[in-house]
Amino acid sequence: MEDLKKLQDDLWGYAETGFKEYKSAEAMCKYLEKKGFEVNRGICNMDTAFDAVYGSGKPVIAILAEYDALDGMSQEADVAEYKPLKDSTTGQGCGHHLLGVGAINAFLELKKIIDEENLEATIKLVGCPAEEAGSGKTYLARDGYFDDVDIALTWHPSNISSVSTGSHQACIQCYFRFKGVSSHAAGSPELGRSALDAVELTNIGVNYLREHIRSDERIHYAITNTGGHAPNVVQAEAEVRYFVRSSTGPRVKKLYERVCNVARGAALMNDTELEIIFDEGLVDIVPNFTLEKVFRDSFIKLGVPKYTEEEREYAKKFKDTYDVDVLLNQTYENVKDVKKLKKNIIESELNDYFVDKDHSDVCYMGSSDVGDVSWVVPTAQINVNCFSYGASGHSWQWVAQGKSSISFKGAIHAGIIIADTARTLIKNPNLIEKAKEELKERLGDQEYECLIPKDVLPHVY
Ligand SMILES: [Zn+2]
Ligand SMILES: [Zn+2]
């Protein structure tokens with residue numbers, strides 16, 4: 001276990017963003033090799049994707065690992081206070097270092113079960129890069145990596161322990177790059193054409209568009225090039241990056257086209273040139289109630305991590321950075337017993353029981369490239385508590401708690417539950433068939449259409 005904790009701390013420290021996870025992927029590959037597995041590095045044109053395979057025959061079960069970090073999220077470990085960003089601004093704001101360690105533990109535990117119980121199955125630990133931006137799994141799904149896989153299982157660190165249910169949004173990411181003409185902003189403004197103005201006009205247009213989109217759609221932007229720091233120079237170049245989300249692939253394509261038209265309109269308004277750079281896309285998640293039920297049974301059998309007084313004190317420091325009233329007013333979708341959860345939020349520093357949920361088909365806000373996997377193979381995920389109450393994904397509190405013993409316990413426990421669920425599936429092939437049947441029924445006559453065109457290779461802009 002100690003060596004897995006070291007791996008967790010190393011991945012936390014590397015905090016590499018999408019498709020740049022060279023040190024992280026290498027550390028995970030070396031770890032697996034040390035455990036005696038053969039590792040394939042660089043799969044489906046991605047240097048930082050890898051897999052390790054064990055066993056033989058059917059079924060083939062894939063366990064998905066992540067390890068990429070987020071930009072703008074550097075923090076000090078264990079300090080319950082926001083620290084300004086440092087030179088290196090990346091941080092494990094979504095806990096993907098834990099996701100990677102938990103997935104490896106699932107693989108190790110499942111190997112043990114296969115050996116001890118003499119089971120026939122092939123298990124794959126799949127190192128999936130660039131979840132936050134880049135969509136490694138989308139390329140794996142598009143390029144046929146999962147063609148021989150029967151079931152895919154994964155998890156995500158959270159502030160409650162539960163079985164994940166419902167769908168998540170499809171998403172397209174792009175850049176609008178404007179080219180203008182520089183000039184002296186005071187002396188000869190009539191000669192200038194401001195690319196930065198075009199970015200601002202795009203954003204204003206999109207902010208008006210917001211009123212006329214579906215309530216399950218979201219649009220976000222970040223200005224990635226302001227064209228310089230001198231207000232007295234008309235900016236000749238500027239760029240803005242957009243995420244466009246909707247509940248399905250076809251819907252997100254339509255919304256993306258409307259956003260592109262706003263950018264085209266902005267260029268027309270101020271006489272600049274526009275280049276639209278399609279970056280990447282991922283589809284919505286198809287839930288699978290059959291697999292969710294198997295996960296639930298394992299969770300009920302194995303429970304949740306137990307915490308020491310010291311760990312509770314640690315979590316309290318972080319919980320105290322939130323207003324409990326705000327936490328109580330959040331919506332806890334599909335939770336069977338919301339009263340019990342709210343009582344736990346008031347009385348405990350962190351979630352310490354299994355939060356049972358009703359199955360759901362509803363599309364929730366946010367996206368994951370797990371979506372593409374779920375279209376081609378029955379897929380399910382769990383959440384295991386790794387943090388104090390209050391702390392949520394992409395917060396400094398998640399980064400700061402990312403090396404704690406609480407988060408390590410969560411990762412290890414996730415591995416144990418995934419392995420137990422896989423054991424049940426291997427021993428009950430009828431459940432695998434049922435999960436496949438369910439996927440078929442949900443898709444009906446819809447075919448998986450990857451939002452990234454075939455000729456676009458994994459990349460970093
Ligand atoms: Zn995230
Ligand atoms: Zn995440």
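Start by selecting His394, which sits in the loop between β13 and α12. This is a predicted model, so keep that in mind as you click along. His394 has a positive phi of about 65 degrees even though it isn't a glycine. For background, most residues other than glycine have a negative phi. Colour by accessibility and His394 comes out as partly exposed, at 42%.

**Stop 1: the first zinc**

Now bring up ligand 1, a zinc ion, with its protein donors: Cys94 through SG, Glu132 through OE and His394 through NE2. These donors lie 2.0 to 2.3 Å from the metal. Along the chain they follow the spacing C-x37-E-x261-H. Glu132 and His394 link distant parts of the chain, 262 residues apart. To find Glu132, go to the loop between β4 (121-127) and α4 (136-142); the loop holding His394 runs between β13 (379-385) and α12 (396-400). Glu132 counts as buried, at 15% relative accessibility.

**Stop 2: the second zinc**

Which residues donate to the zinc ion that is ligand 2? Select Cys94 (SG), His96 (NE2) and His156 (NE2), which lie 2.1 to 2.3 Å from the zinc ion (ligand 2). Their sequence spacing reads C-x1-H-x59-H. His96 belongs to helix α3 (residues 96-116) and His156 to strand β5 (residues 151-158), so this pair ties together parts 60 residues apart in sequence. Check the accessibility of His96 and His156: both are buried.

Next, put a distance label between the two zinc ions. The zinc ion (ligand 1) and the zinc ion (ligand 2) are 3.2 Å apart, with Cys94 coordinating both. Cys94 itself is buried, with a relative accessible area of 11%.

**Stop 3: the cysteines**

While cysteines are on screen, how many disulfides does a search of the whole structure find? The count is zero. Cys260 is a good one to pick: it is in no disulfide, and its nearest cysteine sulfur, in Cys174, is 5.4 Å away. Cys260 is also buried, at 2% relative accessible area.

**Stop 4: the two domains**

Zoom out and colour by domain. The assignment gives domain 1 as 2-166 + 284-443 and domain 2 as 170-282. Drop a centroid on each set of C-alphas and you'll get 34 Å between the centres of domain 1 and domain 2. At the boundary, 13 residues of domain 1 touch 15 residues of domain 2. Between them the two domains bury about 970 Å², 52% of it on carbon and sulfur atoms. On the domain 1 side, select Asp284, Met365 and Ser367: these lose the most area to domain 2, together 48% of what that side buries. How many salt bridges are there between domain 1 and domain 2? Zero is the count.

**Stop 5: backbone oddities**

Two more picks for anyone who likes checking torsions. Select Lys58 and Pro59 and look at the peptide bond from one to the other: it is cis, with omega near -5 degrees. Pro59 is in the loop between β2 (50-56) and β3 (60-65). As a reference point, most peptide bonds are trans.

Finish at Asn45, in the loop between β1 (39-41) and β2. Phi of Asn45 is near 65 degrees, a positive value in a residue other than glycine. Is Asn45 buried or exposed? Asn45 is exposed, with 54% relative accessible area.

Note on methods. Residues numbered from 1 in each chain as written. Chains lettered and ligands numbered in written order. Predicted model: local features only at pLDDT ≥ 70, side-chain atom pairs only at ≥ 80, totals over all residues. Heavy atoms only, no water. Disulfide = S-S within 2.5 Å. Buried < 20%, exposed > 50% of the residue type's maximum accessible area, 1.4 Å probe, protein only. Donors = N, O, S within 2.8 Å, 3.2 Å for Na, K, Ca; no water. Helix = DSSP H or I, 4+ residues; strand = E, 2+ residues; numbered from the N terminus. Domains from an automatic or database assignment. Contact = heavy atoms within 4.5 Å. Buried area = accessible area lost by both parts, 1.4 Å probe. Salt bridge = Lys/Arg side-chain N within 4 Å of Asp/Glu carboxyl O.
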